[in-house]
Structure formats: structure tokens, C-alpha cells
Amino acid sequence: MTHLAYSLKKRRFLLALAVCALPFACNNSAAGQEAQPTSAGAHGAVGAAKISELGHRVMVAGVKTNALAGSDLKPWHMKMDFEVIPFGAKKPTSGSMEEWHLGPTQWARTFKSPERRLTGSEWSVSATEQYQSKPSKVGFDHRLLVLHVARPVIDPLYQTANIEPDYEMDVKRVTTAGATLNCVSVIDPQRYVDQANPDWLFPTMCFDSEYHLRLTTTSDTKVQFEDLQLFGGRTVARDVKVIFNGALIAEMKVTLLESLADANADLVKPAKDAIPEPYTIEPGHTKPVSVYEVGASVPIQPNGFPFRGSFPIPIIIHKDGSVKARNDDTSFWTQGLKDALVLAINKWKYKPYLVDGQPVEVAWTVVYVIDGKPFVPSYDRAEPQVAPAQQDSPGGSSPSVARRRYGH
């Protein structure tokens, strides 16, 4: 038996052993018979704490097994083709991406497409030095390309960094497309967030018997992972589909994934006309601390009804803590609402954000909630509920370990 075959067999055995500790997870049904989804509440004899512990253990194993975001990986080089529907468009646009990756904070990525706003490059030189190519007149839609193209392939489990060790988790065994998957999710996630949509933070993650990631889901978005390739001790999906409200909005196909023999720093050197980008706060990083907030004078909708909902406003927090709203696309709002929110948020103030003890300019997103109630600054709101602490996962690896891996 080869080392690879032994490793896969061991993973399968360990997951089966862990899941079979729960009576609902193991049965003698015939092959191909669908297993009914089961949850912690249906099996009180086992206890919610044990199920939550298992959920954390499966999640941590999945982070170690999948994708290309770990600091333990050797340098690599990737090419892939993509089709994506830009924000506000109705038809997909094709393109290609190439990345040279020396480490979690040293990489270069280039996008090419007939659509000019989907053409550009970005570089990460260190933890605090990121750059983008100078955009054309139509701009460079970096946010779309990261969220819907690059990240689903390279780092699809980045949101696990939002899940603290004491968050309650559930494990369900479900069958989809003929495959039985172990799906883990945060129970009642709204209690762990301050007004934000939990879909942005806590997806359900489904793994096969070898811990390979096959599916992530939220209330409106599904990401499917197919055509798996083993690389550097991890599994990478060569075919990734992003589906929003039942419609395919992005598909990526990896055409080349190889070790990077010549890991020269020149490969990630920015172009001469590259523009410095603010520090990006990823899940698991320390959040900015607001010290002054003022509410917006929100207008009424053209139809006479008040606005309701959560409105994300991308901002830059300068080194002195002052704020400037970014000119990102929010064309789906009325100009009056956008102007009102930007006017108020530009008056906000934060503590200087420190990285290695030094203040840096950072990119952040303010989620402004309009619910018909008086505005309450974030520092005056009650803290989200936290569940009773659970023990770290057995085997010496806890979710907090995975949390430190995501800076990309």
C-alpha cells in the first residue's frame, strides 16, 4: 500500500470512528439508500456538547485537508479559466487567472478577460504590503474576482476563522447527488453576531468520508467542489461552481496546479505603476474598535415606504482612525440613501489599527442597519451571546489553530 493510499484509508477510518460515536450516524442501510438528516436535538442521550465537539473536530480536519491556504504548503503555481456574472450584469464573462504563491503573505495574481474591469493584477509582498495594478477608466472589480473566482478555489474554508471554539455546532449526515456527506454548521448563528447577516460568517460545510470538501451552503448561496486533485498533502477541487438563488453565477476550472521550483521573490514583485492597497482584515483578525459613531438622516424610498435592512458600506480607516467611505459599486441603492449613509459614516472615528505594533491603513466594511429604531452606536450595544465553552478538539489541534492560518 502506498503512503497516499494509507493516508486516505486512515482519514476515512478516523472520520468513521468519530461519527459512529453518535448512534444516528451509523446504520446498516443498503448502498445507495439515502440517510435521513439527523440533528443534535433528536439524540439527547448523546448530548449536545459531544455533538458540538465532533462538529469542531470535523471542521478542523477539513481545514487541514483542503485547499491551498495553509502555511505548511510549499510554493505553488496555478492557472485556471473562469466564467462569472459581474455585479449588475445578466450574462457571464469569461477570463483566466494565474497565481504564483510563495507563502500566505507572498503571492502575485493576474486576471485577464475581454471585460476590462475584470483585468488586472494584485500582489502581496508581506503581511502589511499589498498592491493592485493601476485600474483602467472602468476600474478593476477586485471584490468580485476575490469573492466569486479566486477564494472559492484557493481558500473556500476561510470563514471557519469566524467560528470560535465555544460556538455550538451541529453535525448532520445527508445524501446529495448520490453521495453521503457529513455537514457541520453553527447552531443558531445569529446569537454570535452583532446585527450582521450570519450567512456572511457561518456557512454549512459538507465533507465526504475522507474529509474532502464537497459543498458549502448558506440561505442563498451554494458552492460545489468537483474533480478533486491531491496536491501537497491537500485536496483541491479543479471544478468549482458558485450558485446564487438557484442560478449559476461563477464556474472555475483549474487547468494547471504545480509546485513552484523557482520560488524567487521577483515573482511577487509589484509592477512599477502598482497602487498600494490598505491592509485587509480577514476572518479571525482583530476587528477595528469604533470610538465615535453618528447616525444617518435616512431618506424615504421613492414609493413612500421607509428603508429596511442591512446596508454594507466599504470604508478605509486611516492610520489616525479617521474614516473615508470607498467608492465601491452600490448602484442597487438609491443615490439619496447612499449619500446619507456615506455622509454619516465619514464622520466616524476608530482607534488606530495596529499590526505588529504599528498603525496601518485598513479596509473594512460597516454594516449599517435600518430597522425603524433609533440609531445606537456599536460600542453601546449589548455583546452577542456566547455559548458555554467546549473543550478543544482532541489530538492537539483546535479551531483556534485553523483561525491563524487565514491572511490571504
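**Strands, a helix and a surface patch**

Colleague: Which strand does S1 join through nine bridges, running antiparallel?
Modeller: This is a predicted model. S1 runs antiparallel to its partner, and nine bridges join the two. That partner covers residues 247-259. The strand is S12.

Colleague: What is the bridge partner of Asp81 in S12?
Modeller: Strands of a sheet pair through backbone hydrogen bonds. Asp81 has its bridge partner in S12. That residue is Lys253.

Colleague: S1 also pairs with S2; which residue of S2 stands opposite Val84?
Modeller: S1 is residues 76-84 and S2 is residues 93-103. They pair in the antiparallel sense over nine bridges. Opposite Val84 stands Thr93.

Colleague: Is Ser259 buried or exposed?
Modeller: Ser259 has its place in strand S12. Leaving aside neighbours within four places in sequence, it is in contact with Pro75, Trp76 and Phe231. Its relative accessibility is 53%, and the cut-off for exposed is over 50%. So Ser259 counts as exposed.

Colleague: What separates the C-alpha atoms of Ser259 and Trp100?
Modeller: Along the chain, Ser259 and Trp100 are 159 residues apart. In space, their C-alpha atoms are separated by 9.8 Å.

Colleague: Which are the edge strands of the open sheet S14-S21-S16-S17?
Modeller: This open sheet has four strands in the order S14-S21-S16-S17, with mixed pairing. An edge strand here pairs on one side only. The edges are S14 and S17.

Colleague: Which residue in S21 stands opposite Thr280?
Modeller: S14 and S21 pair in the parallel sense. Two bridges make up that pairing. Opposite Thr280 stands Ala363.

Colleague: Why are the buried residues of H4 on the same side?
Modeller: H4 spans residues 335-345, and its buried residues are Leu337, Lys338, Ala340, Leu341, Ala344 and Ile345. An α-helix has 3.6 residues a turn, so residues three or four places apart point the same way. The buried set lies on the same side of H4 because it covers an arc of only 165° around the axis.

Colleague: Which strands are included in what covers the buried residues of H4?
Modeller: On the other side of H4, Gln335 and Leu343 are exposed. The cover of the buried residues includes strands at 309-317, 323-325 and 362-370. These are S16, S17 and S21.

Colleague: What is the relative accessible area of Val289?
Modeller: Val289 lies in the loop between S14 and S15. With Val291, Tyr292 and Tyr379 it makes a nonpolar surface patch of about 350 Å². Val289 is partly exposed, with a relative accessible area of 41%.

Key: Residues numbered from 1 in each chain as written. Predicted model: local features only at pLDDT ≥ 70, side-chain atom pairs only at ≥ 80, totals over all residues. Heavy atoms only, no water. Buried < 20%, exposed > 50% of the residue type's maximum accessible area, 1.4 Å probe, protein only. Arc of directions from axis to C-beta. Contact = heavy atoms within 4.5 Å. Patch = residues over 30% accessible without salt bridge, like charges linked within 9 Å, V, L, I, M, F, W, Y side chains within 5 Å. Areas by Shrake-Rupley, 256 points an atom, 1.4 Å probe, with all protein chains shown as cover. Salt bridge = Lys/Arg side-chain N within 4 Å of Asp/Glu carboxyl O. Pairing = 2+ DSSP bridges.
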